[in-house]
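Let's take a walk through this protein together. Keep the sequence and the 3D view open side by side, and follow along as we go.

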Amino acid sequence: MSNCRFLYHNGVVLEAPPVATFLQSLPGAYTTTRTIDSGTSFLFWERHMKRLSSSIRILLDSKPELLFSSGSSSRFWLNQMAHESSVYDLVNGSMSKAMSSVVVKERGRLCGEELAVTVLVNGNAEKLSRLGDEKVVDCLDVWLHIGGYSLGVGEKAASLALVGSGRDVANAKYSDWVRLRTPLEKFRPPSTTELLLSNDGDHLLEGCVTNFFVVCRKKSSSGSLYGESLREFEVQTAPVTDGVLPGVIREIVIEVCLSKGIPYRERAPSWSERELWEEAFITSSLRIVQHVGTIKVPVGSLEALACTKPEEIEWKEKRFEEGPGMITKLIQKAITERGIEEGFPLKDLYD
């Protein structure tokens, strides 16, 4: 077993590859979160279970091949649903066994102050073949990838680059996306930490593994963020209907904006309006909120990018002031507080 990670499946502890390799090896819906308070609570666990259940339902309804192995029949799924409570019980049952039988004993061997946990739920083709009166959830398997996570990963400024188009079935989080996004890596400029997606080369949708936000100065305002009211600015992010993942932290950012009186609009940030951008940040369940230092967009179209040698790509660049901006810091602080409020104690899994 790796000193820093392991897999748990059906009561068996398995050798764990890196999480990306694991996700490419199995179809399924998944979610990733981490612990807080030195590994004593899961961050936004119930929200993750809700989103995982939603992803399963979406895949069952529209792309069952992304949940089951290739070739599995989808005819059984007519009029069937994977209820949120059933998925919650299924995952919590596996997590309880993993935590009590393995993690507690092996905690000292896991590198990092916290634990990073990826929960993948996929269809069991063998169970599917003999499906009778069972519920959909009875044909699902749970895989847990657990490893150490070191804090501070999201504290440095992120460097972003636009390299590809939006993904299919974006409102579900599924493992095959890890494989599908691999060809984009050849366009990654040096020192770039996240790759952005857009369908038209102007409206920025999301990152490959993050949601994307900008703090935009309203066109009627001409001043700087630090000398004006928050009402002169708005937080912008692409709406889910544009084809982005409804990320857990994305949802909380919107809630924070509402509660703090920060104007926000679900609108894909337009690169052509970048001179109005005062701040930018990306969100994920591991990095939470990470401020952006630079954004690069290729000169020319995304279609032309595919025909260009990576070393010959020319880039336009937007730079932001060093360090997180005022609104980014306000959102970071509020989400940290919510994380503590909504923390799911690991001990509850054993009770």
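Which residue in β5 is the bridge partner of Tyr30? Keep in mind that what you see is a predicted model. The residue to find is Leu120, which is the bridge partner of Tyr30 in β5. That pair belongs to a wider pattern: strand β3, residues 29–36, runs antiparallel to β5, and six bridges join the two.

Now turn to β6, another strand that pairs with β5. Strand β6 spans residues 140–149, and 10 bridges hold the antiparallel pairing between β5 and β6. Here you can find Val121 standing opposite Val142 of β6.

How well covered is β5 itself? Strand β5 covers residues 114–123, and 10 of its 10 residues are buried. Try following its side chains. On one side you will meet Glu114, Ala116, Thr118, Leu120 and Asn122, while Leu115, Val117, Val119, Val121 and Gly123 point the other way; all are buried.

One of those residues, Val119, leads us into the interior. The largest nonpolar core has 63 residues, and Val119 and Ile295 touch the most other members. Helix α2, residues 45–62, gives the most to this core, contributing seven residues. Domain 1 (5–150) and domain 2 (158–339) both give residues to the core, so it lies between them. Apart from this core lies another, made of 21 residues, including Phe233, Val248, Val256 and Val289.

Ile295 deserves a look of its own. Setting aside neighbours within four places in sequence, Ile295 is in contact with several residues, among them Leu160, Leu196, Phe212, Trp271, Trp277 and Phe320. Its contacts also include Lys316, Glu317 and Lys318.

Next, let's visit a few loops. Ser270 sits in the loop between β12 (264–266) and β13 (277–284). Is Ser270 buried or exposed? Its relative accessible area is 2%, so with the cut-off for buried at under 20%, Ser270 counts as buried. The side chains of Ser270 and Asp202 are joined by a polar contact of 2.7 Å. Leaving out residues up to four places away in sequence, Ser270 touches Asp202, His203 and Trp277.

Thr241 gives us the opposite case. You will find Thr241 in the loop between β11 (233–237) and α6 (248–260). Thr241 counts as exposed because its relative accessibility is 76%, and exposed means over 50%. Thr241 and Asn171 are 70 residues apart in sequence, yet 8.4 Å separates them in space, C-alpha to C-alpha.

The backbone has something to show as well. Most residues other than glycine have a negative phi. Against that background, look at Ser191, which is not a glycine but has a positive phi of about 70°. Ser191 lies in the loop between α5 (176–180) and β8 (194–198), and it is exposed, with a relative accessible area of 68%. Ile288 also has a positive phi, near 65°. Ile288 is found in strand β14, residues 288–298, and is buried, at a relative accessible area of 13%.

Finally, how many disulfides are there? The count comes to zero. As for individual cysteines, Cys257 is buried, with a relative accessible area of 2%, whereas Cys307 is exposed, at 73%.

Note on methods
Residues numbered from 1 in each chain as written. Predicted model: local features only at pLDDT ≥ 70, side-chain atom pairs only at ≥ 80, totals over all residues. Heavy atoms only, no water. Core = buried A, V, L, I, M, F, W, Y, C linked by side-chain atoms within 4.5 Å. Buried < 20%, exposed > 50% of the residue type's maximum accessible area, 1.4 Å probe, protein only. Helix = DSSP H or I, 4+ residues; strand = E, 2+ residues; numbered from the N terminus. Domains from an automatic or database assignment. Contact = heavy atoms within 4.5 Å. Pairing = 2+ DSSP bridges. Polar contact = N/O pair within 3.5 Å; in protein donor to acceptor, adjacent residues only side chain to side chain. Disulfide = S-S within 2.5 Å.
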